[in-house]
Amino acid sequence: MQLSSVELKLLRRFRKIYTIIAFLVSLAMAAVLLLTVFNLPAFGKAGNPAENEVIGRYIGKGLEETGAVNIVAAVILDYRAFDTLGETLVLFSALVAVIMLLKDEPGVFTRRYRERSQFEPEKDQIFRSVAALLIPCLLVFSIYIIVNGHLSAGGGFAGGAILGATFILYNIAYGIEKARRFLNEKSFLRFITAALLFYCIAKGYSFFTGGNHLPSVIPLGLPGSIFSGGLILPLNITVGIVVACVVYGAFCLFNRGGL
Amino acid sequence: MALAHNIPFISIMITILAAVTSLLADKNRAARLCIGALTVVAFLSAILFAYLWQTGTSFTFSMGHFPAPWGNELQAGLFEALMALTFTVVMILSLVAGRERVVADIAPSRQGMYYLLCSLLTCSLLALIYTNDIFTAYVFVEINTLAACGIVAAKDTGETITATIRYLVMSLLGSGLILIAVSLLYAITGHLLMNDLLSSMTELAASGDYAMPCMVIMLFLAIGLAIKSALFPFHTWLPSAHGSATAASSAILSGIVLKGYIILLLKIFYRVFGLSFARDLRVADLLFVFGLLGMIMGSVFAVREKNLKHMLAYSSVAQVGYIFMGIGLSTDIGMVAACFHILAHAITKPLLFLAADGLMDVSGHSKNIFNMQGAARRNILAGIAFTIGALSMIGIPMFSGFVSKFYFVQGSFQNPDKMLVTLIVLALSTVLNAMYYLPVLVTLYLSNDEQSPHRHRQSANSRNYQSVMIIFILLNFILGMFYEPVIKALEQGLLMLGGAH
Amino acid sequence: MIFFEILLLVFLIVCAVAVALTRQLWQAIIIFMSYSLVMSVVWVFLQAPDLAVTEAAVGAGITSILFYLALKRINAMQEGKKGGKSK
Amino acid sequence: MEFHLFTNYVEIAAVILFSVGFTTLLFHQNLMKKIIGFNIMDTAIFLFLAAKGYIAGRMAPILVEGANDPALYINPVPSALVLTGIVVSVSVTAFALALVLRLYERYGTLHLDEILYLTRGEHD
């Protein structure tokens, strides 16, 4: 179906009006928000309202209470863990919706894959050897970031994204058939379900004991070492798995419409 | 600590676990898992409601080992428990009645995920109802958006996908406004937990500091949530999304998803700004005006509509207008009336959508009203259900819609400034409602046209569908006749929401 | 130091406006990628290394990959259509 | 009550970016651009939050040798919120892009106007 010329003209005129309105709305919005910002507490000053007893406890007692050196990790995985549970569910629901929208029926998928596979750079030797060098480094790096989430910057989300990117690189370099050996559709769904279930049950346990004022029996470990921080380390690992799976799954679905 | 205090947390966890495990289940098992989990949650919510009704208190439940300002918290009172109960019951009934249509409309490979998204939707609605933390609310609003868009898009036609993208874009605008409002709120108070926000806000209201940011925050929160609950000028996405989705999705979206955001707005009014400060900020007046406009314009659009499902969707715009008008009245009875209307609409609109589905079923799946002549004679139960829903929406006594209108009128008496305009618009809107529901009813009951191709088609609805219809009709009667305890529960619940224990 | 920060912020705004105005989607996506990377540098300045790492990996990395893939698929569909027409 | 006209320069940049992103999301007719606009809007809010957590002359909230004096570190809460927000925005982006792909498959255009025009006849 094509648009007729009259309608195109009308559309263009509308677009001009639209641009003007858009500009005005943008200006108005910026003006309101700028006025608000002028009235806000000063940037970078100590003693602003945001710096209160909540922060005092997070930093002053965070290590003692959660065993994590990285206070941000302590906040997202222990103090405000319900938010993070929600965040993981957002990822999960987005993945489910993307699978629902983009997954082709089995027959369509193989046909499309055959049509497209000749354009993939699978036979490229240079690319493969670079990938062979890069992939182990990336793997180690991503695992380092995930496992050290409670000790330094990073954590499950960043590390998981890098891990997912590593899978993607492997997939591009060696082709989907090899990638499928360790991550086909079934194992993918199982991985992600298991990780999420572990996450929910671990968090459910800590919510339940916390809500009923029961002590949690999980040891916090020696601060600063890898095995410390109670549940934070396993949670970071599961979050990493979930994020990596989601990233890789989204790649496959966008690229070919199937895992 | 009573065992019942765990119910909010357990309800949320059950729906999450149902959602996660149904990723591995096939479509039938996913459906059973979802409906089973919802039934458990509904049962638990009923227990919680009974418990709170007996004790007359509200309680908080800390999510984790850290008390109030450090960790997350859930809070439950009568209001929350009643809403959770209603939402889960409506969800179950819509899913059960819409089951056959889902099988017909949605590709088999997608049905499992459809029920998964329904579980997630319930989870996010429950979290929105119970949460005591404004950032958690934002995160669950996003889950709600994704899941709601997902259940619209599950029916894979061009119309639904276009509708979904419009829905998504508008929702994202709303989320953006909510998120920046939450950030501003954090910048001026340093809190995210509603109790602490309330005390900071009370201080700010007394000292007059940050008056301009407070105003902007309230405005952005109200507009953001109004976009998501389709208040009049921001309703453009609603008719296509609710009109094109499969029957169960339309029922769920119109009946409860829109209300989840309104409940969050109520919580912001009561528990973040405090009712008096929120009224001082004058945002309620804005909502009042938009609500009135919505009541009229929604009905005007509906009168012009020939597509039955789109008509019902526009009627939802009008009904959301009623709710916002009640909130905007700034009186206690107005607030109660708005909450009652949330319930009334939550049980009436799904009834209408599901009945419309049954009627379209016997008219060759045409959505056009003119093709449905005599449909109510071919599918008698759906016809009765549609009639009762329509009468309730018009506001005929004995049905739930009448009670809310009655209380809206009472609420307007308390506020002399807004009384006259409220009464006029209520009367006008009732007339308009009648103007589009009555012709439809007449068409539905017209004698079977000799030329009609669907003349001999008989209804073939399952027993599940029929029993759900009967339950919805009974609920409508019960809410319309024995409304006093509900009103009392809402009054007490709103007091609890405002901080009285 | 402040001068450098302001430079970065101005760069961000220029990027954002450029994304809104540019006609080519490819350009828009590449500009958006650099926008995300600069954003993560700004977060390093604001003493938020966690954010910087996450934004670099998730915001700049994953989002850009998704945009790239989507655009690639759209182009493939476009070509498929043109090919179909010429035949 | 004081005005902070130029001290809040990061926030000023953030709100300008927010307005640009918001307008792109609201008014741009190209769906891909809309999604990029949404991303800009969200990162702008994150920039705002991160700026509100920053305190001049203090360190990132990763404890150094167990020193846990709150006066040494910046506010960790905004970082935690932004971390959550980044993941939310990338999820939404993935979903939106998937929808756009479906639409493009069906209608062969990314223009919302044209799509709405093309779907006009599909009602009833």
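This report covers the two largest pockets of a predicted model and two residues with a positive phi.

## Largest pocket

The largest pocket has a volume of about 1000 Å³. Its lining comprises 30 residues. Those that lie nearest the centre are Thr19(A), Ala22(A), Ala20(C), Leu21(C) and His28(D). Two or more lining residues come from each of these elements: helix 1 (5-38) of chain A, helix 1 (2-21) of chain C and helix 1 (9-27) of chain D.

Helix 1 of chain A gives the most to this lining, with 13 residues. Sorted by class, the lining of the largest pocket holds 14 nonpolar, ten polar and six charged residues.

## Second largest pocket

For the second largest pocket the volume is about 890 Å³. It is lined by 28 residues, and Met170(B), Leu173(B), Thr236(B), Leu26(D) and Phe27(D) are the closest to its centre. The elements giving two or more residues to this lining are helix 1 of chain A, helix 7 (158-189) and helix 9 (211-228) of chain B, and helix 1 and helix 4 (112-119) of chain D.

Here, too, helix 1 of chain A gives the most, with seven residues. The lining of the second largest pocket has 23 nonpolar, two polar and three charged residues.

## Elements at both pockets

Helix 1 of chain A is the top contributor to the lining of the largest pocket and to that of the second largest pocket. Helix 1 of chain D gives two or more residues to the lining of the largest pocket and likewise to that of the second largest. Helix 1 of chain C is listed with two or more residues for the largest pocket, while helix 7 and helix 9 of chain B are listed for the second largest.

## Residues with positive phi

Most residues other than glycine have a negative phi. Ala230(B) is not a glycine, yet has a positive phi of about 60°. Ala230(B) sits in the loop between helix 9 and helix 10 (238-244) of chain B. With a relative accessible area of 0%, Ala230(B) counts as buried. Helix 9 of chain B, which precedes this loop, also gives residues to the lining of the second largest pocket.

Gln47(C) is another non-glycine residue with a positive phi of about 60°. The loop that holds Gln47(C) lies between helix 2 (25-45) and helix 3 (49-86) of chain C. Gln47(C) is partly exposed, its relative accessible area being 27%, whereas Ala230(B) is buried.

Technical notes: Residues numbered from 1 in each chain as written. Chains lettered and ligands numbered in written order. Predicted model: local features only at pLDDT ≥ 70, side-chain atom pairs only at ≥ 80, totals over all residues. Heavy atoms only, no water. 1 Å grid on protein atoms, 1.4 Å probe; cavity = no way out; pocket = protein on both sides within 12 Å on 5 of 7 lines; lining within 4 Å. Points joined across faces, edges and corners; volume = space filled by probe spheres on them. Helix = DSSP H or I, 4+ residues; strand = E, 2+ residues; numbered from the N terminus. Nonpolar A, V, L, I, M, F, W, Y, C, P; charged D, E, K, R; others polar. Buried < 20%, exposed > 50% of the residue type's maximum accessible area, 1.4 Å probe, protein only.
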